[in-house]
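Visitor: Please take one part of this model and look at it closely, setting out what surrounds it and how it fits into the rest of the chain. I would like one connected account rather than a list of values.

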Amino acid sequence: MPRHNSKSNFKTNQIPKMKSKLKLSPAKSKEVDHIIDVVEKHTGISRKDILGRNRMEPIVDARHIVWYLCAEHLGIHLAMLGRHFDCHHAAIIHSLKRVACRIVVHRDRYFTGLINEIAKELDCESVIPQMPHVERVKA
């Protein structure tokens, strides 16, 4: 049985239309640039490094903060974010989980404080996930 049916309903002329839907609007793109600038200012990591592929921990942390703020503050779809930063959306998902884990599970005060400072400068509400309230059961 052949993999591709010659009478397939999928039309190849639809591919450019689908890709164009994954581009950020100019307004959102400016907001992303502003987030990058603020993160660059607070972390001391250059824009080139944030947008690059270097895997040194401080650079990765800055990059993850940018992605986290873009997803949480701007509400950008993960596939669009991946396309804008030229990476796979799975990398974005991993970074969001990693940031949330450092904040909630490890309670990294430096990291949480840094994100809060950046969020204040961006004039957005705190984007820090809160621990769910768990009542202790009396024994």
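**The packing of H4 against H6**

Guide: Among contacts (heavy atoms within 4.5 Å) in the protein chain between residues at least 6 apart in sequence, 60% join residues at least 24 apart. The model is a predicted one, in which local features need a pLDDT of at least 70 and side-chain atom pairs count only at 80 or more, while totals for chains, interfaces and linings use all residues. Residues are numbered from 1 along each chain as its sequence is written, and side-chain values use heavy atoms, leaving out hydrogens and water.

The setting comes before the detail. The protein chain has seven helices and zero strands, these elements being DSSP runs numbered from the N terminus (H or I of at least four residues for helices, E of at least two for strands), and from the N terminus on they run α-α-α-α-α-α-α. Of its 139 residues, 32% count as buried, which stands for a relative accessible area under 20%, with exposed meaning over 50% and partly exposed in between (1.4 Å probe, protein chains only).

The part chosen here is the place where two of these helices meet. Helix H4, residues 57–72, packs against helix H6, residues 89–104, at an angle of about 100°, and their axes are 9 Å apart, the axes being lines fitted to C-alpha atoms over the stretch in contact and the angle running from 0 to 180 degrees between N-to-C directions. Such an angle makes H4 roughly perpendicular to H6, a description that covers 65 to 115 degrees.

On the H4 side, the residues that take part are Glu-57, Val-60, Asp-61, His-64, Trp-67, Tyr-68 and Ala-71, and across from them in H6 stand Ala-91, Ile-92, Ser-95, Leu-96, Arg-98, Val-99, Arg-102 and Ile-103. Sorted by class, this contact brings together nine nonpolar, two polar and four charged residues, where Ala, Val, Leu, Ile, Met, Phe, Trp, Tyr, Cys and Pro count as nonpolar, Asp, Glu, Lys and Arg as charged, and the others, Gly among them, as polar.

Two residues of H4 show the packing at the level of side chains. His-64, which lies in helix H4, counts as buried at 8% relative accessibility. Leaving aside neighbours within four places in sequence, His-64 is in contact with Ser-95, Arg-98 and Val-99, and its C-alpha atom is 5.5 Å from that of Ser-95, although 31 residues separate the two in sequence. Ala-71, also found in H4, is buried with a relative accessible area of 15%. Beyond residues up to four places away, Ala-71 touches Ile-76, Leu-78 and Leu-96, and from C-alpha to C-alpha it is 9.0 Å from Ile-92, at a sequence separation of 21 residues.

Both helices also border the largest pocket, which has a volume of about 270 Å³, and the elements that give two or more residues to its lining are helix H3 (47–51), H4 and H6. A pocket here is an open set of points on a 1 Å grid over the protein atoms alone, where a 1.4 Å probe fits, with protein on both sides within 12 Å along at least five of seven lines, and lining residues have an atom within 4 Å of a point; the volume is the space filled by probe spheres set on the points. With five residues, H4 gives the most to this lining. Of the 16 residues that line the largest pocket, Gly-52, Arg-53, Arg-63, Trp-67 and Cys-87 are the closest to its centre, and Trp-67 is also among the H4 residues that meet H6. By class, the lining has seven nonpolar, three polar and six charged residues.

The loops beside these two helices complete the picture. After H4, Gly-75 has its place in the loop between H4 and H5, where it is exposed with a relative accessible area of 56%; its C-alpha atom is 9.9 Å from that of Lys-28, a residue 47 places away in sequence. Asp-86 lies in the loop between helix H5 (78–84) and H6 and is exposed, at 55% relative accessible area, with a phi near 55°, a positive value in a residue other than glycine. On the other side of H6, Arg-107 sits in the loop between H6 and helix H7 (109–121); it too has a positive phi, of about 50°, without being a glycine, and at 54% relative accessibility it counts as exposed.

Key: Angles under 35 degrees count as roughly parallel, over 145 as roughly antiparallel, 65 to 115 as roughly perpendicular and the rest as oblique.
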